[in-house]
Amino acid sequence: MATQAQHAPDMEEFKILLRKFNLKATNQRLAVHEAMLRLGHASADMVTEAIRTDGTVKITVATVYNILSQLAALGIYNHRMSSNNKMYFDVNTFQHLHLYDTVNNTYRDVIADDLMEEINDWLCKKKFKGYKIDGFDLQIICHPSRMRSKIS
Ligand SMILES: [Zn+2]
């Protein structure tokens, strides 16, 4: 499998990607990407909240969701369903695994190139009758080891 850049596209790289897909670098698209770079993994609600907190761009959750979905369809973002049934978008599209906190429904990237390589090698030798392998998706399921102290 081809190795991709191990980082999310910065704002300049994002503008180049938009141009490549004939999409205008609108303030709304740029605001979404800026929020995604900060959040890493986020639902449309979380991105909208982050943009509204900034207060520079006016945007609805529906518009944010449309932008995120469009970017995911183009492969600029990845997306995944969390166990609380929310669509989370991921700014990192290179192959990596996730640490999924089932209490707070948050994702954290885990970079384990050696493990990924081993799985890729294993998959290269495997055949599943009637199917072609597109990739794999690995997530470590966890919960916080201690209760968060209450901040008042
Ligand atoms: Zn990720």
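Buried here means under 20% relative accessible area, with exposed over 50% and partly exposed in between (1.4 Å probe, protein chains only). By that cut-off, both Asp90 and His98 are buried.

This is a predicted model, in which local features need pLDDT of at least 70 and side-chain atom pairs count only at pLDDT 80 or more, while totals for chains, interfaces and linings use all residues. Residues are numbered from 1 along each chain as its sequence is written, and side-chain values use heavy atoms, leaving out hydrogens and water.

**The zinc site**

Let's start with the metal. The zinc ion has His41, Asp90, His96, His98 and Asp109 as protein donors, lying 2.1 to 2.2 Å from it. Donors are N, O and S atoms within 2.8 Å of the metal (3.2 Å for Na, K and Ca), and since water is not among the atoms, sites may look incomplete. Along the sequence, the donor residues follow the spacing H-x48-D-x5-H-x1-H-x10-D.

What makes His98 count as buried? Its relative accessibility is 2%. His98 sits in strand β4 (residues 97–101); strands (E, at least two residues) and helices (H or I, at least four) are DSSP runs, numbered from the N terminus. Beyond its neighbours within four places in sequence, His98 is in contact (heavy atoms within 4.5 Å) with a list of residues including Arg80, Tyr107, Leu138 and Ile140.

The side chain of His98 also makes polar contacts, that is, pairs of N or O atoms within 3.5 Å; within protein, one must be able to donate a hydrogen and the other to accept it, and residues adjacent in sequence count only if both atoms are side-chain atoms.

| Side-chain pair | Polar contact |
|---|---|
| His98 and His41 | 3.2 Å |
| His98 and Asp109 | 3.1 Å |

**The sheet**

Two of the donors meet again here: His41 has Asp90, in β3, as its bridge partner. Strands β1 and β3 run antiparallel and are joined by two bridges, and two strands pair if DSSP finds at least two bridges between them. The open sheet has three strands in the order β1-β3-β2, with antiparallel pairing. β1 and β2 (78–81) are at the edges with a single partner strand each, so each has one side without a neighbour in the sheet.

**Helix α2**

Helix α2 (residues 27–39) has 13 residues, so at 1.5 Å a residue (times one less than the number of residues) it should span 18 Å, and its end C-alpha atoms are indeed 18 Å apart. Its buried residues include Leu30, Val32, His33 and Met36. Among the elements covering them are α1 (11–20), α3 (44–54) and β3 (87–90). Just past α2, Gly40 has a positive phi of about 80°.
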